[in-house]
Amino acid sequence: MTTTTAPPPTAGPEPERDERVGQHARLGAILRRPEVGALVAALLIFFYFAFSTTAFAQPSGASTWIFTSSSFAIMAVAVGLLMIGGEFDLSAGAMTGTTGLITGIMMTHWQINVWVSVVTSLVVALAIGFLNGFLVMKTGVPSFIVTLGTFFVLRGVNLAVVKQIINQVSVVDFQSAPGFEAGNKLFGSFVRWDLGWLPWVSLPNSKNLTIYAATWWAIGFVILATWILQRTRAGNWIFAVGGAQQSSRQVGVPVFRTKIGLFMTTAFAGWIVGMLSLFKSTTAQSTTGIGAEFIYIICAVVGGCLLTGGYGSAIGAALGALIYGMVGQGIVYAGWDSDWLYAVLGVMLLGAVMVNNWVKTRAERVR
Amino acid sequence: MTESEQLTSGAAQSSQEDEVEALRSGPPLPPPGTAIIEVRDIGKSYGSVIALREVTTTVNAGEVTCVLGDNGAGKSTFIKILAGAHAHSDGEFLVDGEKRRFSSPREALALGIATVYQDLAVVPLMPVWRNFFLGSEITKGWGPFRRLDIAKMKAITKSELAAMGIDLRDVEQPIGTLSGGERQCVAIARAVYFGARVLILDEPTAALGVRQSGVVLKYVAKARDRGLGVIFISHNPHHAWPVGDRFMLLRRGRSMGNFPKAEMTLDELVQMMAGGAELEQLSHELARQLPDSEVARELESDVAESHRGSETPAQSDETDEVSESSRP
């Protein structure tokens with residue numbers, strides 16, 4: 001029997017802290033979280049517009065940007081997951097249009113049951129998501145190209161097929177379709193709170209805060225995505241396939257399944273947003289969602305997701321969407337030309353990419 | 001094998017062994033010296049290109065089989081066959097005496113044949129513990145609440161690495177922050193923990209400095225002493241010699257022979273690997289073209305030295321030292 005001179009391995013149920021890991025390393029660990037930058041930026045932007053404009057922080061004014069942020073957050077979280085998994089989806093924006101059009105036309109033009117219509121568009125969305133993933137994985141063509149193709153196909157179909165069926169490019173009179181009320185409970189309803197007691201509410205007609213169903217869906221989506229990313233095997237695999245696909249395959253991670261799942265998740269999110277926008281605005285247009293695909297990517301990047309994959313967070317992507325919603329509405333309230341939004345987005349994207357790269361380099365360096 | 005039994009019978013070690021045993025997915029380890037893998041006249045051709053032909057060797061439990069060869073000698077093809085990445089086209093491949101033909105790496109893994117690739121199959125941005133359990137995560141809970149058992153995985157990572165003699169500050173640090181040798185050791189520890197009976201190491205010392213290489217060789221010896229069969233692929237005979245029990249040389253897709261350590265010396269090995277005649281010619285050519293060059297002179301003395309045979313005290317001293325430390 002030999003005795004070892006080395007200290008016994010620290011194998012307790014409670015992971016012990018090594019004495020070489022200082023207390024300030026804990027703070028460092030928090031600051032290294034991918035979403036911290038977005039959180040700071042969101043707070044700064046909120047306070048800037050809250051103090052520089054009158055409408056921004058009023059309950060009724062806030063209702064607008066909370067709604068916009070919510071529907072963008074759902075997409076940004078899904079696109080963020082996909083980016084952590086190392087892929088892009090440019091068809092995500094057009095998907096919100098396609099699903100809305102399918103359900104809208106089925107209900108108004110053919111008077112089909114609301115739930116059948118809603119589920120049909122879901123099935124179509126998931127099929128397109130599967131096809132995206134399948135093509136990317138089987139052909140090895142970058143997802144940027146594959147989904148660019150899907151995007152143009154959807155864009156064309158949204159116009160051509162819809163014109164063929166209803167002789168116009170948008171679904172109208174949706175609120176009078178049978179079953180609208182039932183579907184509206186799930187996707188278009190809202191709660192209104194009287195926040196007149198808040199000290200800064202100055203105008204009597206701005207005291208109501210309206211929260212649409214989109215916000216609850218978004219919150220649920222963020223919580224679910226965070227749980228999956230941080231606490232499940234699937235989350236581990238998402239980080240792994242985005243960080244090093246070949247290595248993941250070698251250790252037995254089901255790369256194909258994980259990536260297909262991610263593309264289908266993005267399509268699923270597109271379906272949710274399609275339904276939310278259809279039932280809230282009671283219309284769907286052939287051009288709905290076109291151009292938004294890059295906004296989702298920007299939101300995810302601003303939220304700390306690396307363009308190269310393997311790093312990021314769902315909360316961060318949602319914060320990115322919040323920033324987008326706040327800036328978009330804040331610019332309007334501040335009386336600027338709303339086209340400035342795009343310039344601001346561009347600057348934010350570049351800034352975020354640089355910060356992300358810096359964080360990544362730091363994370364890879366020996367501390 | 002009495003030394004190795006002593007090594008594994010330490011109190012801390014044996015509880016470790018139990019835990020490893022409980023998690024082993026493959027068949028149990030046979031007693032040291034038993035052949036786990038045998039290949040007979042194995043070959044592989046890609047269309048009209050013959051990448052490997054007539055290779056014969058064995059891998060025994062508790063022994064290290066070294067596969068040596070220069071770039072393009074067919075080493076990667078050989079390990080790909082053993083690891084299940086490619087199926088062989090000729091010859092016989094036996095695992096535990098049974099004929100096998102793998103169609104995926106998972107099949108090889110199920111039989112306890114684990115490969116540590118040159119790129120180590122790690123995800124640099126992910127924490128050490130997530131990398132350690134990647135693809136084989138421990139979960140708790142049921143149904144939609146099935147979740148990663150993070151505390152347990154961290155504790156096991158820490159203790160498994162400690163058992164291999166790697167003391168990490170923090171298993172939460174990204175694996176990209178570790179040194180090359182440390183990463184290699186994490187990869188070896190991972191394969192050992194997940195029930196590898198045969199460990200295939202693809203050029204583990206290729207990108208490492210002298211000291212780091214020594215550390216990795218120590219872990220190779222440690223895995224061997226745990227009773228695993230090890231296949232050590234290298235183009236450096238000086239790294240292979242101290243830990244190897246058997247040497248198989250590949251050149252241009254052919255086996256140059258399969259020798260137990262007792263049957264040859266390091267210098268014979270070096271000479272065979274370099275292809276004595278070729279080396280000689282190269283040295284003449286260099287001497288003609290660059291008569292004053294340092295390289296040419298060195299090469300010439302190398303050739304002369306290898307002609308003298310086994311009387312090179314400087315080299316054998318150095319390697320003895322490593323092999324001493326690798327066999328406690």
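In the predicted model, A:Gly335 adopts a positive phi of about 80 degrees just after helix H13 of chain A. The helix that precedes this glycine, H13(A), comprises residues 314–333. Its end C-alpha atoms are 29 Å apart, in agreement with the 28 Å that its 20 residues should span at 1.5 Å a residue. H13(A) is mostly covered, with 17 of its 20 residues buried.

One partner of H13(A) is helix H8 of chain A, formed by residues 213–231. The axes of the two helices are 8 Å apart and meet at an angle of about 150 degrees. Because angles over 145 degrees count as roughly antiparallel, H8(A) and H13(A) are assigned to that class. On the H8(A) side, the contact is made by A:Ala218, A:Val222, A:Ala225, A:Thr226 and A:Leu229. These residues meet A:Ala314, A:Ile315 and A:Ala318 of H13(A). The residues of this contact comprise 7 nonpolar and 1 polar, with no charged residue among them. An α-helix has 3.6 residues a turn, so residues three or four places apart point the same way.

A further helix of chain A, H6, runs over residues 143–166. Its 24 residues reach 33 Å from the first C-alpha to the last, close to the 34 Å expected at 1.5 Å a residue. H6(A) nevertheless contains a kink of about 25 degrees, centred on A:Val157. The buried residues of H6(A) include A:Ser143, A:Val146, A:Thr147 and A:Thr150. Also buried in this helix are A:Phe151, A:Leu154, A:Asn158 and A:Val162. The buried residues pack against three helices of chain A, namely H4 (92–108), H5 (114–139) and H12 (292–302). H6(A) is followed by A:Asn167, which has a positive phi near 60 degrees.

Chain A as a whole has 14 helices and 4 strands. Of its 367 residues, 47% count as buried. Among contacts in chain A with a separation of 6 or more, 78% are accounted for by residues 24 or more positions apart.

Chain B has 328 residues, of which 43% count as buried. Its secondary structure consists of 13 helices and 12 strands. Residues 24 or more positions apart make up 71% of the contacts in chain B with a separation of 6 or more.

Two residues in strands of chain B were examined individually. B:Lys44 is located in strand S1, which covers residues 35–46. This lysine has 22 other C-beta atoms within 10 Å and is therefore buried, the threshold being 20 or more. Apart from its neighbours within four places in sequence, B:Lys44 contacts B:Ala51, B:Leu52, B:Thr77 and B:Ile81, as well as B:His86, B:His88 and B:Ser89. The C-alpha atom of B:Lys44 is separated by 9.2 Å from that of B:Glu54, which is 10 residues away along the chain.

B:Leu199 belongs to strand S9 of chain B, residues 198–202. With 27 C-beta neighbours inside 10 Å, B:Leu199 likewise counts as buried. Beyond its neighbours within four places in sequence, this leucine is in contact with B:Ala114, B:Val116, B:Ile188 and B:Ala191, together with B:Ala223, B:Leu228 and B:Val230. B:Leu269 lies 70 residues from B:Leu199 along the chain, and the C-alpha atoms of the two leucines are separated by 23 Å.

Positive phi values are also found in loops of chain B. B:Asp96, although not a glycine, has a positive phi of about 55 degrees. This aspartate lies in the loop between strand S4 (90–95) and strand S5 (98–99). B:Asp96 has 15 other C-beta atoms within 10 Å and is therefore partly exposed.

The loop between strand S11 (246–251) and strand S12 (254–260) of chain B holds B:Arg252. Phi of this arginine is positive, near 50 degrees, in a residue other than glycine. With 14 other C-beta atoms within 10 Å, B:Arg252 is partly exposed.

How values were computed
Residues numbered from 1 in each chain as written. Chains lettered and ligands numbered in written order. Predicted model: local features only at pLDDT ≥ 70, side-chain atom pairs only at ≥ 80, totals over all residues. Buried ≥ 20, exposed ≤ 12 C-beta atoms within 10 Å, placed from the backbone. Contact = placed C-beta atoms within 7 Å. Axes fitted to C-alpha atoms, helices over the stretch in contact; angles between N-to-C directions. Parallel < 35°, antiparallel > 145°, perpendicular 65-115°, else oblique. Nonpolar A, V, L, I, M, F, W, Y, C, P; charged D, E, K, R; others polar. Expected span 1.5 Å × (residues − 1). Bend = angle between axes of the 7 residues up to and from the residue.
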